Amino acid sequence: MTMRAMARDDVDAVLAIEQAVQRFPWTRGNFADALNCGYDCRVDEVDNGAIRGYAILMPVADEAELLAIGVAQAEQRKGLGSAMLAGMLDMAREKNLRRVFLEVRASNDAAIALYRRAGFGEIGLRRDYYQNASGSEDALVMACELTGEVNG
Ligand SMILES: CC(C)(COP(=O)(O)OP(=O)(O)OC[C@H]1O[C@@H](n2cnc3c(N)ncnc32)[C@H](O)[C@@H]1OP(=O)(O)O)[C@@H](O)C(=O)NCCC(=O)NCCS
């Protein structure tokens with residue numbers, strides 16, 4: 001895995017993955033905003049320059065929120081999501097952040113399994129937080145403590 005900072009030129013490739021793998025994808029504007037705000041936006045790139053995955057972490061005081069993580073369909077279930085998530089947690093540790101938290105659709109079994117394996121635990125539930133085809137669905141709030149015992 002080779003993670004590097006996301007550049008503006010990467011947004012087309014990132015958006016293509018996002019639109020293919022997310023039922024409710026971020027827009028081009030969402031990615032542009034994340035870059036403009038200086039969030040920690042990373043991509044995984046292979047030798048031929050193709051982007052396989054991306055992740056975005058938003059620092060908030062002494063914590064950070066994982067805003068997005070995605071892996072191209074053909075590259076899923078090969079450990080890349082776990083490796084990228086571990087890389088984002090390492091980055092947060094290097095900044096001496098206390099914990100990383102996130103919100104995830106209660107129906108997103110793949111992401112929830114990924115987060116649990118990385119050491120995230122459930123800390124809350126936001127009812128009817130997301131829109132979906134049948135109206136709304138809950139968000140799980142999950143957190144990974146970065147201090148004290150090593151997680152995962
Ligand atoms: C969530 C996501 C990033 C995982 O990426 P990935 O590269 O496939 O993840 P990994 O290969 O590292 O999988 C790690 C573990 O997560 C769990 N997992 C991953 N995909 C899963 C799936 N489809 N179903 C059940 N568990 C899954 C498994 O425990 C897996 O370990 P295993 O393969 O040894 O069983 C990927 O499925 C994705 O891009 N989904 C769409 C975008 C999304 O929902 N992002 C999260 C919200 S922003």
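Trainee: In what order do the strands of the open sheet come, and what is the pairing?

Mentor: To read a sheet, walk across it from one strand to its partner. Here 7 strands form an open sheet in the order 1-2-3-4-5-7-6, with mixed pairing. Strand 1 (3-5) and strand 6 (121-132) are the edge strands, each pairing on one side only. From one strand to the next, the twist averages 30°. Keep in mind that this is a predicted model.

Trainee: Which way do strand 5 and strand 7 run, and how many bridges join them?

Mentor: They run antiparallel, and 7 bridges join strand 5 to strand 7 (residues 135-145). Within strand 7, Leu140 stands opposite Val104.

Trainee: Which strands does helix 3 touch where it packs on the sheet?

Mentor: Helix 3 touches strand 1, strand 2, strand 3, strand 4, strand 5 and strand 7. For orientation, the direction of helix 3 makes about 30° with that of strand 3.

Trainee: Back to Leu140: is this residue buried or exposed?

Mentor: Count C-beta neighbours to decide. A residue is buried if 20 or more other C-beta atoms lie within 10 Å of its own. Leu140 has 21 C-beta neighbours inside 10 Å, so Leu140 counts as buried. Leaving out residues up to four places away in sequence, Leu140 touches Val104, Ala106, Ile112, Glu122 and Leu125. Leu140 and Arg116 are 24 residues apart in sequence, and their C-alpha atoms are 12 Å apart in space.

Trainee: Now helices. Why do residues three or four places apart point the same way in an α-helix?

Mentor: An α-helix has 3.6 residues a turn, so residues with that spacing point the same way. In this model, the buried residues of helix 1 (residues 11-21) are Val11, Val14, Ile17 and Glu18. They lie on the same side of helix 1 because they cover an arc of only 130° around the axis.

Trainee: What do those buried residues pack against, and which exposed residues sit on the face turned away?

Mentor: The buried residues of helix 1 pack against helix 2 (28-36), strand 2 (40-45), strand 3 (51-60) and strand 4. Asp12 and Ala20 are the exposed residues on the face turned away from the buried side. Ala16, also placed in helix 1, is partly exposed, with 13 other C-beta atoms within 10 Å. The C-alpha atoms of Ala16 and Ala72 are separated by 8.8 Å, although the two residues are 56 apart along the chain.

Trainee: Which residues have a positive phi although they are not glycine?

Mentor: Try Arg77, with a phi of about 65°, and Asn96, with a phi of about 60°. Arg77 is in the loop between strand 4 and helix 3, while Asn96 is in the loop between helix 3 and strand 5 (99-105). Arg77 is exposed, with 9 other C-beta atoms within 10 Å. Asn96 is exposed as well, again with 9.

Trainee: Last one, the ligand. Which elements each supply at least two residues of the shell around the ligand?

Mentor: Sort the shell by element, then by residue class. Strand 4 (63-71), helix 3 (80-94) and helix 4 (109-117) each supply at least two residues. Helix 4 gives the largest share, 6 residues. By class, the shell has 10 nonpolar, 7 polar and 4 charged residues. Of the 21 residues around the ligand, Gln76, Gly81, Ser82, Ala110 and Ala113 come nearest.

Key: Residues are numbered from 1 along each chain as its sequence is written. This is a predicted model: local features need pLDDT of at least 70, side-chain atom pairs count only at pLDDT 80 or more; totals for chains, interfaces and linings use all residues. A residue is near a molecule or strand if its C-beta atom, placed from the backbone, lies within 6 Å of it. Helices (H or I, at least four residues) and strands (E, at least two) are DSSP runs, numbered from the N terminus. Ala, Val, Leu, Ile, Met, Phe, Trp, Tyr, Cys and Pro count as nonpolar, Asp, Glu, Lys and Arg as charged, and the others, Gly among them, as polar. A residue is buried if 20 or more other C-beta atoms lie within 10 Å of its own, exposed if 12 or fewer, and partly exposed in between; C-beta atoms are placed from the backbone. The arc is that of the directions from the helix axis to the C-beta atoms. Two residues are in contact if their C-beta atoms, placed from the backbone, lie within 7 Å. Two strands pair if DSSP finds at least two bridges between them. Axes are lines fitted to C-alpha atoms, for helices over the stretch in contact, and angles run from 0 to 180 degrees between N-to-C directions.
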